[in-house]
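Student: Can we go through this model together? I have a few things to ask.

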Amino acid sequence: MAGIRAAGPSGVTGGVVGGATRVAGAGVVSGVNLLSLRSHNAALLLDLLRRAGRAGVSRLELAERTGLTPQAVSKITARLREDGLITEAGRQASTGGKPRTALRLVPEAGHAVGLQVDRDELRAVLVDLTGEVVAERRAALDLGAGAEAVLDVVVEEARVLVEGPSGAAVLGVGVAMPGPLDHTHGVLHRVTGFPEWDGFPLRDALARRLGVPVVLDKDTNAAALGLAGLAVGGEVGAFAYLHLGTGLGAGLVLGGAVHRGARTGAGEFGHQVVQLDGPPCPCGNRGCIEALCLAAVARGDIDEAARVLGEGAANLVGLLDIDLVLLGGRTVTAEPERFVRGVGAVLDARARREGASSPVPVRIAPGGARAVPEGAAQLLLAPLFGRTGALAGGG
């Protein structure tokens, strides 16, 4: 693992993958034959090997798919083998010439921890380089108990995974929690209902106590990042992940990258005012979508909660012209069919009014309850595979 340098506090990586970017294309990613950009090229190759799975891919195929010379591919893959990141996957069937040797990623060569810090619960996962969950933990949490009490729980659970029996290096810890927060500097803002966290440097506090790099982001952004790396990310250019649990927020993927906004404040979906004289919301406004949804859930009216969520989703579709709406969060996953049906009905009605050929589809996000912690782990893994565009502050 000498070739990997783990992500630093800001989420920027160095070593093998520092400065990597990924260029989307029709099955071809652009490599650069310059020594100064060898990290970029290593990330491109690692991403292709990750996608190829255990069957692997040959050096010649890697060269064809990246535009790199075979010599450049051989040098980079030799270095990656020395670092323990890739290995031989056997020989491919001959097509007339000498059988080619396939290479594959070594999933167990490194791990990342993903934490979902919610208002009343902590979920933690340990994933390998492919994103596969190899260990999982849950613990009760009270976000209002004060910074030290919360940190004690988070550190205890994270340390079990960081120091676990995996035997491989842990690149770091990704933390996802309700916003608003400053992703770039790792600082919380006034979390709705918990103003005492305003200005708390959570990223640096956890990094000091855990002794590994830490990256902080909103729960919705983390989930969107993880989803963008799945097949859903290849199907569409723009989608919204709507998370309804103890609160309501959105993660936005535009042009294939997570959109955080210039001040990393994008996605505060739940605090749109849709009823001027509506019930008060802990954020200080009245008639927010979050307050209306949670009030409907509290009285057992799931269909009304889904309808309100659908109206918010319709506003988002009309504003951003997105291709897909994904739903997640514990409240949604408790009644998935009703929420998909209710949100979908609102989007269907909007499409008919506007004369659209088809409504924007609505689905439950892959991963279910683990979408957020798995996405949090991707805050560490994504740069390794050249997906730094997904981590940019401006999206």
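Student: Which hand does the crossing of helix 9 and helix 11 have?
Tutor: The crossing is right-handed, meaning the near helix is turned clockwise from the far one by less than a right angle; anticlockwise would be left-handed. Helices here are DSSP runs (H or I, at least four residues), and strands are E runs of at least two, numbered from the N terminus. This is a predicted model: local features need pLDDT of at least 70, side-chain atom pairs count only at 80 or more, and totals for chains, interfaces and linings use all residues. Residues are numbered from 1 along each chain as its sequence is written, and side-chain values use heavy atoms, without hydrogens or water.

Student: At what angle do the axes of helix 9 and helix 11 cross?
Tutor: Roughly 45 degrees, and the axes of helix 9 (residues 302-320) and helix 11 (residues 336-354) come within 8 Å. Axes are lines fitted to C-alpha atoms, for helices over the stretch in contact, with angles from 0 to 180 degrees between N-to-C directions. That makes helix 9 oblique to helix 11.

Student: Oblique by what cut-offs?
Tutor: Under 35 degrees is roughly parallel, over 145 roughly antiparallel, 65 to 115 roughly perpendicular, and the rest oblique.

Student: New topic. Is helix 6 mostly covered or exposed?
Tutor: Mostly covered: 10 of its 10 residues are buried (under 20% relative accessible area; exposed is over 50%, partly exposed in between; 1.4 Å probe, protein chains only). Among them are D219, N221 and L227.
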